[in-house]
Each structure stands twice: as structure tokens, then as C-alpha cells.
Amino acid sequence: MENLNNCILSTAYWPNIQYFTKVVSYTKVYIEQFETFPKQSYRNRCALYGPNSIQTLQIPILKGAHNQITKDVRIAYQMPWQKNHFQTIKSLYKSSPFFDYYTDDIEFFYNKKYNFLLDYNNAIFEVCCRWLKIGNNTELTSDYVKIPLCPDFRNTIHPKQSHQAEDKNFNPSKYTQVFSDRFGFIPNLSIIDLVMNCGPDSVSILKSSGLILKNKY
């Protein structure tokens, strides 16, 4: 992990554009699994473009022991959140240019139940890499390091502005969005928003939005 060409990220549910600019920029990306699981983060939520501006989807999790670590977090299925999430994605993006191309892949994750959030997010990430035609350059952490010797984005790519840190290597490029005629361009939404609107050009948007340390693709 002691390498400036590497970085460390949290796990994430349909990660946002800033997250994926790190994936395409760094040679190796470590995904944290031994942290104490924090609340109200992108680990179990994502942001989409809705008819009333940003719309958030959140995966419910089972209450575990105090200070449970991320790899042990289990998904709750008492409520039909999978059905609700997929119906929301369909309703928001059915008029997007690439809806028909990606919807089957997305639907898969709302018909299959995963016990652990980390496994669910990792499976989603694999599909996103396939969409973007990039290699999966991630590796799970082997222990928890409070201050890693590589760029650390675990807690700064965050829904709350108060938790975000200045990122001079992220400057989101604009693209046409489904509801942009209502609210204009909303940056840094989920990768779903990008691929639904830009399709095969999505990786070019990512590369133009972040610092590319090594052009691997």
C-alpha cells in the first residue's frame, strides 16, 4: 500500500463518478473492509438524478454488534427495498439513451439476495468495470491502517459536504442528463447516471474528470 500510484477507497453501492475517477487513475486500488462501519455514507447508498433533483437510494442493513466492521455488515430484507430500488431506477432512466443496454445487468442485482453488503457491492463493481471496459484493479485490505502511505479517499468521497475534502484531481466533466432541462447539470452522481446517458463514452468522461496517473486502458 506504500505507493503514490495506489489509493484506498471504501466499498460503495453503485459508486459515484469521483470514485471511478480514482479507479481509472491509480494502478492499484485497495477497498477497505476492516474499518468500523460508518453511518450515512456511500457504502450503502447512491445518488441518482430524479424529477425533483437528487434522489437517494439506501440499502437497509441489519443491526450488528457495536462498532461492527464493514466486512461483517449484513443486508436487511424485511422490507422490499430491492423491488423499490429497481423500480426507481427504471422510472428515472427509462428515457435515457442507453437504458435498454444496461437494464438487464442492473435488474440482476435486485433479483438476487446477498448476505453481506461488501459482497453485493463487489459484484456490482465487477459489472461496472465490464461496462466501462476497464480491468478490475482492486484488492481488499488485509488489515486496518489508520493513516495509509497512499492517497486515502475512504471518508472524503461522502454524501455530506462537511465530510468532503478538497480534491484538486477531480473536476467533473459535463454530460447530458435526463432531467438536465429542469435543474441543469448535477455532478458526481452514481455511475448508473453516467452509463445510462453516455454508454460507451462513459470512460472518456471519467478520464477527463480526473487526474490520470497511468493511462492503462
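## Reading a predicted fold, feature by feature

Trainee: Let me begin with helix α3. Which of its residues are buried?

Mentor: Phe-99, Tyr-102, Thr-103 and Ile-106 are the buried residues of α3. Keep in mind that this is a predicted model.

Trainee: Where do those residues sit around the axis of α3?

Mentor: Look at the arc they span. Here the buried residues cover only 120 degrees around the axis, so they lie on the same side of α3. Now turn the helix over. The face away from the buried side carries the exposed residues Asp-100, Tyr-101 and Asp-104.

Trainee: What does the buried side of α3 pack against?

Mentor: Three helices. The buried residues of α3 pack against α2, α4 and α6.

Trainee: Then take α6. How many of its residues are buried?

Mentor: Eight of the eight, from residue 191 to residue 198, so α6 is largely enclosed by the rest of the structure. Go along it: Ile-191, Ile-192, Asp-193, Leu-194, Val-195, Met-196, Asn-197 and Cys-198 are buried. Notice that Asp-193 and Asn-197 are on that list.

Trainee: Which elements do the buried residues of α6 pack against?

Mentor: Several helices and a strand. The helices are α1 (17–25), α2 (81–93), α3 (99–108), α4 (117–132) and α7 (202–209), and the strand is β3 (45–50).

Trainee: What follows α6?

Mentor: Gly-199 does, and its phi is positive, near 55 degrees.

Trainee: How should I read a positive phi?

Mentor: Start with the general idea. Most residues other than glycine have a negative phi. Then look for the exceptions. Trp-14 is not a glycine, yet its phi is positive, about 40 degrees. Gln-40 is another non-glycine residue with a positive phi, about 55 degrees.

Trainee: Where is Trp-14?

Mentor: In the loop between β1 (6–9) and α1. Being in a loop does not leave Trp-14 open here: its relative accessible area is 1%, so it is buried. Gln-40 lies in the loop between β2 and β3. At 40% relative accessibility, Gln-40 counts as partly exposed.

Trainee: What does Trp-14 touch?

Mentor: Leave aside residues up to four places away in sequence. Trp-14 then touches Cys-46, Ile-106, Phe-109, Tyr-110, Ile-124, Cys-128, Trp-131, Ser-190, Ile-191 and Ile-192. You have met Ile-106 as a buried residue of α3. Ile-191 and Ile-192 are buried residues of α6.

Trainee: How do I read a nonpolar core?

Mentor: In soluble globular proteins, nonpolar side chains tend to be buried together. In this model the largest nonpolar core has 62 residues. Those with the most contacts inside it are Tyr-13, Trp-14, Tyr-93, Ile-106, Tyr-110 and Tyr-120. Helix α4 gives the most to this core, with ten residues.

Trainee: How many aromatic pairs are there?

Mentor: The structure holds 18. One of them joins Phe-108 and Phe-109: the ring centres are 5.2 Å apart and the planes meet at 85 degrees, so the pair is edge-to-face. Now compare their surroundings. Phe-108 has a relative accessible area of 41%, so it is partly exposed. Phe-109, at 2%, counts as buried.

Trainee: How many disulfides are found?

Mentor: Zero, in a search of the whole structure. Check the sulfurs against a cut-off of 2.5 Å. The sulfur of Cys-7 is 6.6 Å from its closest cysteine sulfur, in Cys-150, which is too far for a bond. For Cys-46 the closest is in Cys-128, 10 Å away, again too far for a bond. Cys-7 is buried, with a relative accessible area of 0%. Cys-46 is buried as well, at 1%.

Trainee: Is Ser-41 buried or exposed?

Mentor: Its relative accessibility is 0%, so Ser-41 counts as buried. Ser-41 is found in the loop between β2 (28–31) and β3. Sequence distance can mislead you. Ser-41 and Thr-156 are 115 residues apart along the chain, but their C-alpha atoms are separated by 9.8 Å. Leaving aside neighbours within four places in sequence, Ser-41 is in contact with His-158 and Pro-159.

Trainee: One last loop residue. Which backbone oxygen lies 2.8 Å from a polar side-chain atom of Asn-137?

Mentor: That of Tyr-26. Asn-137 lies in the loop between α4 and β5 (138–140). At 8% relative accessibility, Asn-137 counts as buried.

Methods. Residues numbered from 1 in each chain as written. Predicted model: local features only at pLDDT ≥ 70, side-chain atom pairs only at ≥ 80, totals over all residues. Heavy atoms only, no water. Buried < 20%, exposed > 50% of the residue type's maximum accessible area, 1.4 Å probe, protein only. Helix = DSSP H or I, 4+ residues; strand = E, 2+ residues; numbered from the N terminus. Contact = heavy atoms within 4.5 Å. Phe/Tyr/Trp six-rings, centres within 6.5 Å; stacked < 30°, edge-to-face > 60°. Core = buried A, V, L, I, M, F, W, Y, C linked by side-chain atoms within 4.5 Å. Polar contact = N/O pair within 3.5 Å; in protein donor to acceptor, adjacent residues only side chain to side chain. Arc of directions from axis to C-beta.
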